[in-house]
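Student: I've got a structure open on my screen and I'm not sure how to read it. Could you walk me through some features?

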Amino acid sequence: MMSHHAPQPVSLDKIAAPHPHDPLSGEEIAAARAILDAAGLLTETTRVPMLLPDEPTKQEFAAWTPGSPIDRRVDVTLLDTATGVATEAIVSITRGEVLRTERVPNHAPPYGQPQYLFEEYERAEAIAKASPEWQAAMTRRGLADHMDLAFCGPLAPGYTGRADEVGRRVIRSLTFLKYDEQDSPWAHPVEGLVVHIDLTSNSVIRVEDHGDVPVPAGHGNYYPEVQGEARTSLKPIEITQPEGPSFAITGSLVEWEGWSMRVDFNAREGLVLHDVTFQDRSVLSRASVPEMVVPYGDTAPGRFWISYFDAGEYLLGKNANHLELGCDCLGVIRYLDGYVADDHGNPVRIPNVVCMHEEDDGILWKHTDLAGRADVRRSRRFVVSYFSTIGNYDYGFYWYFGLDGSIEVVAKATGIVFVGGGEPGVRQRHATELAPGVFAPVHQHLFCARLDVAIDGDRNRLVEVDAQRVPMGPDNPFGNAFSWSETPLTTETAAQRDADSSVARVWEVQSTSRMNHVGRPTAYHLVPEPTALLMADPESSVAARAAFATKHLWATRYEHGQIWPAGRYPNAHQGGGGLPAYTAGDRPIDGEDMVLWHTFGLTHFPRTEDWPIMPVDTAGFRFKPNGFLDQNPAMDVPESSQAHAVSSGSCCGGGTCTCTCEH
């Protein structure tokens with residue numbers, strides 16, 4: 001048992017937290033750990049899979065006034081690695097005490113394990129490599145000389161219902177070869193070799209060894225020394241703002257061209273935005289992308305169970321990148337550091353984890369009148385982003401704020417596609433051959449955004465708007481007419497909807513307290529992109545575990561703590577957590593404090609161009625004003641500072657020329 005000391009309240013003068021929606025600081029995480037230790041909740045075998053802010057309730061926040069104290073709390077999951085017993089605790093940093101503890105029922109249906117520890121990845125590899133069965137499988141395949149450099153990748157197990165796995169803390173290991181220390185292991189899968197590991201007993205449950213597919217020998221390295229010299233034909237692009245950026249940052253408060261928001265960061269969701277307003281009017285109370293699932297469509301023994309929940313199983317924020325100027329972000333950049341807890345509950349600083357900058361966004365508006373006068377304004381947007389690396393894949397999450405009051409959310413997927421081995425040249429039904437013997441299975445990247453909407457206040461209404469054909473007849477004598485339909489979605493069940501691009505479907509969030517100048521409720525539209533939903537069979541395990549991905553839209557009545565689309569512990573969970581549980585009561589949402597959940601993403605049929613490293617692929621959606629404003633809010637945007645500039649380049653077709661906006 002670690003030493004204990006009497007719990008002491010933590011002074012907010014020492015821990016700078018002037019606003020309830022500020023991210024956790026390193027000092028606060030350290031203080032929370034000390035309080036847990038003093039309460040006797042930390043032993044030599046206790047680890048911290050997840051530590052998050054326990055955000056104030058809306059009632060607490062409404063009662064708070066700037067400068068006054070507020071209870072700063074953390075929500076922590078503790079795991080006894082010796083027994084597998086998990087405990088949740090709420091810790092008040094302000095009061096210096098543990099407010100509540102509750103055991104996690106992870107040994108009984110529907111199960112569900114806490115998030116993985118970083119130390120478990122190394123431990124799983126050591127257990128796999130020490131296994132006589134794994135060593136025998138490698139030797140039988142003629143790979144005995146490669147065992148030292150082999151990489152045994154630790155992978156979340158999904159849920160199969162196997163009797164020797166349920167209720168246990170399981171991780172699976174697939175083997176990849178490395179031919180030298182710098183080699184990319186992903187290019188050399190040892191097909192059909194699967195090690196199933198119990199992380200509590202530190203033992204192998206079983207080893208599967210299917211077939212004798214040769215290990216692909218071609219390299220998958222992307223380093224310059226392997227790929228060759230960089231091209232020299234690209235000329236530099238310089239992005240400068242000689243007078244500095246147009247946004248201002250005060251603590252976590254960020255303000256830009258009518259936009260205001262609090263920028264937050266935590267270990268699970270990564271980037272979180274609070275109190276988003278435009279022209280001093282509320283738009284969103286809270287916004288994040290709290291979950292994503294990557295289900296694979298391959299039936300092979302080493303892949304049929306794969307359905308990674310990169311936030312709920314691995315923690316997107318804990319795996320976030322330290323961003324670098326000129327590499328991850330261009331221009332005049334401001335960064336936010338993030339703090340997360342390590343496996344022992346100690347604070348870890350991730351420098352420059354959130355990037356904020358402005359960028360040009362093409363034409364904002366333009367018209368050339370009958371006399372030939374052209375008026376044009378260039379758009380720019382404010383960008384808040386971060387990147388996270390989960391194993392072989394890298395994900396960027398970008399929130400774009402426009403001068404016209406619109407928001408766009410984009411997820412960017414890159415990194416190295418997950419592969420298996422196969423006979424070169426033999427076509428597979430569920431995978432693409434990227435290089436000789438290297439096959440990438442079909443899969444999806446399905447994200448879920450959580451938007452706690454607040455269009456001119458918390459009491460909102462949800463309406464589905466479809467384009468509508470009008471049959472030819474007395475109301476449409478020439479056949480050219482069309483209109484639109486509006487369908488109120490008044491309950492949680494009614495609001496479980498699919499997108500339909502054939503009728504240009506959008507979902508309108510209306511204020512119930514404010515009208516615009518033509519007598520319509522002020523509103524925003526959620527505009528989806530065409531996105532395939534979960535392709536797995538509705539009766540499959542992954543469909544039960546990732547039910548959020550079976551609908552493009554869900555809406556719930558706000559309830560504090562309902563944040564996780566697939567539940568708090570999707571790891572090895574039987575299913576039904578998160579949104580199915582949240583909506584089971586079919587609560588009314590019309591005119592209530594409402595949360596929208598939107599599924600968007602990619603269905604990835606890998607291609608040879610995705611190898612050895614995948615160019616960025618994107619998916620997202622827009623949230624744009626519709627009657628929220630009485631006119632175009634960007635009418636006062638000035639001309640570009642480069643308008644009427646004289647250029648010595650070829651902007652007008654060659655030679656020295658003057659590029660102007662004609663008047």
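Tutor: Sure, let's go through this model feature by feature, starting with how far to trust the coordinates.

Student: OK, what is the mean pLDDT of the protein chain?

Tutor: Keep in mind that this is a predicted model. The chain's mean pLDDT is 94, and 94% of its residues reach 70 or more. Over residues 1–17, though, the value is below 50, and that stretch has 40 contacts in the model beyond near neighbours in sequence. Residues 647–663 also stay under 50, with 32 contacts beyond four places in sequence.

Student: How should I treat stretches like those?

Tutor: Where pLDDT is low, predicted coordinates shouldn't be read in detail.

Student: Next up, aromatic rings. How many aromatic pairs are there in the whole structure?

Tutor: A search finds 30. Take Tyr 296 and Tyr 308: their ring centres are 6.1 Å apart and the planes meet at 70°, so this pair is edge-to-face. For that label, the planes have to be over 60 degrees apart.

Student: Where do Tyr 296 and Tyr 308 lie?

Tutor: Tyr 296 is in the loop between strand 14 (281–295) and strand 15 (307–309), while Tyr 308 is in strand 15, so the pair ties together parts 12 residues apart in sequence. Tyr 296 is buried at 8% relative accessible area, and Tyr 308 is buried too, at 7%. Both also belong to one aromatic cluster, whose members include Tyr 116, Phe 151, Trp 186 and Phe 418.

Student: Which ring does the charged end of Lys 58 sit over?

Tutor: That's the ring of Tyr 558, with the charged end 4.1 Å from the ring's centre. There's also Arg 281, which lies over the face of Phe 628 at 3.8 Å from the ring centre.

Student: Now cysteines. What is a disulfide?

Tutor: It's a covalent bond between the sulfur atoms of two cysteines. In this model the count comes to 1 disulfide. Cys 329 and Cys 355 form a disulfide, with their sulfur atoms 2.3 Å apart. The link joins distant parts of the chain: Cys 329 is in the loop between strand 15 and strand 16 (334–341), Cys 355 is in strand 17 (residues 347–368), and they are 26 residues apart.

Student: Are those two cysteines buried or exposed?

Tutor: Cys 329 counts as buried at 2% relative accessibility, and Cys 355 is buried at 0%.

Student: Let's try a helix. Why do residues three or four places apart point the same way in an α-helix?

Tutor: Because an α-helix has 3.6 residues a turn. Now look at helix 4 (residues 132–140), where the buried residues are Trp 134, Ala 137 and Met 138. They cover an arc of only 100° around the axis, which puts them on the same side of helix 4. Among the elements that cover these buried residues are helix 3 (118–130), strand 6 (151–155) and strand 7 (170–176).

Student: And how do I read one residue inside a strand?

Tutor: Ask where it lies, how buried it is and what it touches. Ile 407 lies in strand 20 (residues 407–415). With a relative accessible area of 3%, Ile 407 is buried. Leaving out residues up to four places away in sequence, Ile 407 touches Trp 259, Val 283, Phe 401 and Phe 621, among others. Ile 407 and Leu 526 are 119 residues apart in sequence, yet their C-alpha atoms are 9.6 Å apart in space.

Student: Last one: what should I look for in the backbone?

Tutor: Most residues other than glycine have a negative phi, and most peptide bonds are trans. Here, the bond from Pro 109 to Pro 110 is cis, with omega near 0°. Pro 110 is in the loop between strand 4 (97–103) and strand 5 (111–113). Another cis bond runs from Trp 611 to Pro 612, with omega near 5°.

Student: Which way does phi go at Tyr 111 and Asp 280?

Tutor: Tyr 111 has a positive phi near 65°, and Asp 280 has a positive phi of about 65°. Tyr 111 is in strand 5 and is buried at 17% relative accessible area. Asp 280 is in the loop between strand 13 (270–278) and strand 14, and is exposed at 76%.

Notes
Residues numbered from 1 in each chain as written. Predicted model: local features only at pLDDT ≥ 70, side-chain atom pairs only at ≥ 80, totals over all residues. Heavy atoms only, no water. pLDDT = per-residue confidence, 0-100. Contact = heavy atoms within 4.5 Å. Phe/Tyr/Trp six-rings, centres within 6.5 Å; stacked < 30°, edge-to-face > 60°. Helix = DSSP H or I, 4+ residues; strand = E, 2+ residues; numbered from the N terminus. Buried < 20%, exposed > 50% of the residue type's maximum accessible area, 1.4 Å probe, protein only. Lys NZ or Arg CZ within 6 Å of the ring centre and 35° of its normal. Disulfide = S-S within 2.5 Å. Arc of directions from axis to C-beta.
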